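Me: I have a structure open and would like to learn how to read its features, beginning with how strands are joined. Could you take me through it step by step?

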Amino acid sequence: MLTLNRIPCVGEAVRDALVTFKTNTALIEADRHRENGRWTYRELKQEAERFAALLQSHGFEAGDRCAIVMQNQSKWIFSGLGGFWAGGVLVPIDYKLTVPEQLAIAAHCKPKVLVTEYSTWAKMQREDSSALEQTIVFVTEAPEGADLGKGLRFEDAPSGAFTLKHRTRDDVACVVYSSGTSGTPKGCLLTHDNYLEQAQVLGRLYPIAEDERFFSILPTNHAIDFMVGFIMPLMMGAAIVHQRSLRPQFIRASLKQYEITHIALVPTILKNLEKRIRERLDDLDETPRQLVDSAIKVNDFLTAKEPNHTLSKWLLKPIHDELGGKLKNVFAGGTFVDRKLVEFFYELGIPVAIGYGLTEATTVITVNDLKPFRSTTVGKPVDGMQVEIRNANEEGVGEVWVKGRTVMKGYLDAPELTEETIVDGWLRTGDLGSIDISGHLSLRGRSKNMIVTEGGKNIYPEDIESAFDDLPGCEELCVFAANYIWPSQSMLGEQLIVVLRPDNDADVDVDAMVAELVARNRKLPDFKRVGGYIVRNDEFPATASLKIKRNVLAEELRALDRASAVIALDS
Amino acid sequence: MSASFDRLTQLCAKRYSVDASIIKAEGDIFETLGIDSFQAAELMSELEMEFDVEIPDYELQDIKTFGALSAAIDARI
């Protein structure tokens, strides 16, 4: 059990563990079927201290920001720990964003140091060679003789010794961007207290033993993997496994090869595993299939009240072997999960812990405690977290407000946004929900104009409108999350729609306008594409400065019947 | 276009039962073949076997068209 009450900061919590578990394997990095390296806790400590010394050789001081743009790999962990031990504030930036998006975040948080892979640094230099002028850039894995511009090699030897810098609970540990590649960047200020409180609570709910292994495949910059795939396994003496290729066949191979016990996934990967298992079951002849079906029923009966991994693994060995044979805890986060998918895995004796969380609340607000398993809700609040439904309607549905020690300090350099979001210590989530008699939270839609993709990305419709600027014949347009206009009972399959107002003074060819819309829509990444449109001839409600009053327009649209008003776009 | 583009076209057409003539250098891989990201990952692995090359995931992230894919393969043959 994790007891962190006397620990002042994340860096020291992990440092304590590195001393305790010296000879345990801490980290394994695979690349396809090759193993790039493996490090004990002692070796990890040496690597992280080397990087901390390198930072300090270049004038890095306590409170300075260290941004990391890297896929999941060993040097992410070395940089993260080294940054913490040098007293730094980490800024984990999504390596899947485009380079201009990454540079926009860096411009907002102005890090003293940025650590990135050679391939990303090469793109950053091509994009804007003057970017990051005030930032020291460390580049990993650069080929011999490569032109790094102002970049320095991550592997260089430090010129001085390392000095451990202490931080307090109230100091900011990380700035984590929950969105904001355009508009107002939302950099959540998360303190050491936020992280340590969350780690202690989750460590009690989902302990990971010394000989167990966490497969870290969600990006470590994401709040969930940062917590359960980086700092928690290291605090508890377990091992982290990275796979640098996230193609399904390598993920499945690593599950087996490294005897993975814990994993956090987004539903898309969970669906891929489900598909694979179903294909295997369908391949069975009639008699073995009947035996497996019977075993599933027996397992379902015996684990109705509480999961029993040992029993399920014995009863359903061939299925568990397909997932490596040791897998016992799956966390599905980043978005909302189809209950049928969760039920499928539960019936096979592989409970999927579903929950609800926001970066603004460090990671997790509620989790399904699996006692008994209920796939229809996102569970009960974790210890120390209060959840209330505000402004509830007659059905008990209202905005979810949360309070607890894991709620962030605020947004970086955005006092007004912080004031709107945190009211008297309560975090307004912008999600709509209800709480049932047993205290389980169900989510019912959003009171914020946004969607969360299956991959866990927050998409703000306003950020997409520029893709449709100057659409021929279009006087004005507005993009909405359909679930914001017409809250549904489900957060699955959220859709963006665009409202178009043709120029009434011109003889507009609406078909041509829509054709252009379709063409531009196709150029967007799939998760940013709009799925339908509404043509509206009335002027949009606007402020005196001619900004569209989105909430008023949404209110007017709400009166329409969604099914008949929205015309689907073929993308 | 290069010989690898022609081989690539034939392989994709056969694998996804589409007419090879719809595969253009500037065509979007996902749209043309009607595949999702997991199917694309499977396709990449098959192409790597066919051409005996290895294209890292970070490079694939920026490849959207058949022409770009063919160029990435050519750069490694």
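Me: In strand 14 of chain A, which residue is the bridge partner of Ala332(A)?

Reply: Keeping in mind that this is a predicted model, you will find that Ala332(A) has Ile354(A) of strand 14 of chain A as its bridge partner. Strand 13 of chain A and strand 14 (residues 352-356) of chain A run parallel and are joined by three bridges. Strand 13 of chain A also runs parallel to strand 12 (residues 262-265) of chain A, with four bridges joining them, and there Ile263(A) is partnered by Val330(A).

Me: Are the residues on the two faces of strand 13 of chain A buried or exposed?

Reply: The general idea is that side chains in a regular strand alternate between the two faces of the sheet. In strand 13 (residues 329-332) of chain A, Asn329(A) and Phe331(A) lie on one side, Val330(A) and Ala332(A) lie on the other, and all of them are buried, so that both faces are covered.

Me: At what angle do helix 2 and helix 3 of chain A pack?

Reply: A pair of helices can be described by an angle and by the distance between axes. Helix 2 (residues 41-57) and helix 3 (residues 74-85) of chain A pack at about 55°, with their axes 7 Å apart, and they are therefore oblique to each other. Their crossing is right-handed, and the residues making the contact include Phe51(A) and Leu55(A) of helix 2 of chain A and Phe78(A) and Leu81(A) of helix 3 of chain A. By class, this contact has seven nonpolar, three polar and two charged residues.

Note on methods:
Residues numbered from 1 in each chain as written. Chains lettered and ligands numbered in written order. Predicted model: local features only at pLDDT ≥ 70, side-chain atom pairs only at ≥ 80, totals over all residues. Axes fitted to C-alpha atoms, helices over the stretch in contact; angles between N-to-C directions. Parallel < 35°, antiparallel > 145°, perpendicular 65-115°, else oblique. Left-handed = near helix turned anticlockwise from the far one by under 90°. Contact = placed C-beta atoms within 7 Å. Nonpolar A, V, L, I, M, F, W, Y, C, P; charged D, E, K, R; others polar. Buried ≥ 20, exposed ≤ 12 C-beta atoms within 10 Å, placed from the backbone. Pairing = 2+ DSSP bridges.
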